[in-house]
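Biologist: I'd like to go through this one and press you on the labels. Whenever you call something by a name, tell me what earns it.

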Amino acid sequence: MSGTSDTNGTSGARRTEYTRDVEDFGTVRVDRIDPERDAPLIHGWVNEERGRFWGMGGTTVEQVREVYAHLDSLTTHHGFLVHRDGEPVAVFQTYDPEADRISECYEALPGDIGVHLFVAPSAAPERGFTEKLFTVLLDFALLGHARVVGEPDAANEKVLARLARTGFELGPEIVLPEVDLPEVFIPEKKARLVFYRKG
C-alpha cells in the first residue's frame, strides 16, 4: 500500500486530501465535501432506512447542503467524500473532540481526533469492504494524531462488532447532549465510546 496527502487540492476541481493504492482493493481517494455538488448524492444515502443511525433521515437536499456548508466553514470539523477507483463509496468526517459535544462525556487527550463513517449502499456488497476502507481512513485520520475516538450509536450492534474486529477498544456508554444552533440541530444520542491507536 502507498499513501499520499494532497492538502493543496491540486487534483482537478475537487480538494483531494489523501490518496492510497491498496493491493487487491483499488485506489482510495479522500476529497473534501463540496456541499453544492455532493448534497444530492449524500441526501439519497442518508435517507435510506440503513442510514437511520446517521441522524439525517427525513432531511431535504437543501438541509443536507446547509449542514455540510456549515461543516465546511469550521476549522475543527471536516467532511470528506471517499471514492474507491473513482466511485463515491462513503462519507467520512473528522473533528477535534475538544470542540465537540463529546468533550462533555470524556477527557480528551492531546492528539485525539474524532471520526464518523457512513458507507454508501451497494448493489453488490463485498465481503470485508468496510474493514479495508476503514483501515485506510484510519491511517488518514492518524496523520498528525495519536488516537482516534468515535461515538457510534449504542444500539448499533453491527457497527460496534465491526469496530472491535478492526481493532477498536470499546469504552463505556455515554449520552451525548443535544446541540441546537442556528446552522444545525443534533438531537441527544445514547452512544458508546470507542478508541483506536495505530500499531
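**What earns each label**

Modeller: Let me start with R37: at 42% relative accessibility, R37 counts as partly exposed. Keep in mind that this is a predicted model.

Biologist: Why is R37 called partly exposed?

Modeller: Buried means under 20% and exposed means over 50%. R37 has 42%, so it counts as partly exposed. D34 gets that label too, because its relative accessibility is 28%.

Biologist: What makes D34 and R37 a salt bridge?

Modeller: The cut-off is 4 Å between a side-chain nitrogen of Lys or Arg and a carboxyl oxygen of Asp or Glu. The side chains of D34 and R37 meet at 3.8 Å, N to O, so the pair is within that limit. By this rule the model has 18 salt bridges.

Biologist: What makes D34 a cap for α1?

Modeller: One of its side-chain oxygens lies 3.1 Å from the backbone nitrogen of E36, at the N-terminal end of α1. A polar contact needs N or O atoms within 3.5 Å, so 3.1 Å passes.

Biologist: Which parts of the chain does the R14 and D38 pair link?

Modeller: Their side chains form a salt bridge at 2.6 Å, N to O. R14 sits in the loop between β1 (2-5) and β2 (16-22), while D38 is in helix α1 (residues 35-46), 24 residues apart. R14 is buried because its relative accessibility is 14%, and D38 is buried at 2%. Both belong to a salt-bridge network with R29 and D31.

Biologist: What about K189 and E151: why say that the pair ties parts together?

Modeller: Their side chains meet in a salt bridge of 3.1 Å, N to O. K189 is in strand β11 (residues 189-196) and E151 is in the loop between β7 (147-150) and α4 (157-166), so the bridge ties together parts 38 residues apart in sequence. With a relative accessible area of 16%, K189 counts as buried; E151, at 4%, is buried as well.

Biologist: How do you know that the buried residues of α1 line one face?

Modeller: The buried ones are P35, D38, A39, I42, W45 and V46. Looking down the axis of α1, they fall within an arc of 130°, so they line one face of the helix. That set packs against β3 (26-32), α2 (61-73), β4, β5 (87-95) and β6 (112-119).

Biologist: How does the span of α1 compare with that of a straight helix?

Modeller: It falls short: the end C-alpha atoms of its 12 residues are only 15 Å apart, against the 16 Å a straight helix would reach at 1.5 Å a residue.

Biologist: And what does P35 touch, leaving aside its neighbours within four places in sequence?

Modeller: With those left aside, P35 is in contact with R65, Y68, A69 and D72. P35 is in α1, and its relative accessible area of 13% makes it buried.

Biologist: On to α3. Why is α3 called largely enclosed?

Modeller: 10 of its 13 residues are buried, so the rest of the structure largely encloses it. Among them are F129, L133, F134 and F140. The span agrees with expectation too: the 13 residues of α3 (residues 129-141) should cover 18 Å at 1.5 Å a residue, and the end C-alpha atoms are 18 Å apart.

Biologist: What does α3 bring to the largest nonpolar core?

Modeller: It brings the largest share, 8 residues. That core has 28 residues, and those with the most contacts inside it are V82, F92, L133, F134, V148 and F168. Leaving aside neighbours within four places in sequence, L133 is in contact with F25, V28, V82, V89 and A90. A second, separate core has 14 residues, including W45, V46, M56 and Y68.

Biologist: Last one: H77. What makes H77 buried?

Modeller: Its relative accessible area is 12%, and buried means under 20%, so H77 qualifies. H77 is found in strand β4 (residues 77-84). Its side chain makes polar contacts with the side chains of T76, at 2.8 Å, and D100, at 3.0 Å.

Terms used
Residues numbered from 1 in each chain as written. Predicted model: local features only at pLDDT ≥ 70, side-chain atom pairs only at ≥ 80, totals over all residues. Heavy atoms only, no water. Helix = DSSP H or I, 4+ residues; strand = E, 2+ residues; numbered from the N terminus. Expected span 1.5 Å × (residues − 1). Buried < 20%, exposed > 50% of the residue type's maximum accessible area, 1.4 Å probe, protein only. Polar contact = N/O pair within 3.5 Å; in protein donor to acceptor, adjacent residues only side chain to side chain. Contact = heavy atoms within 4.5 Å. Arc of directions from axis to C-beta. Core = buried A, V, L, I, M, F, W, Y, C linked by side-chain atoms within 4.5 Å.
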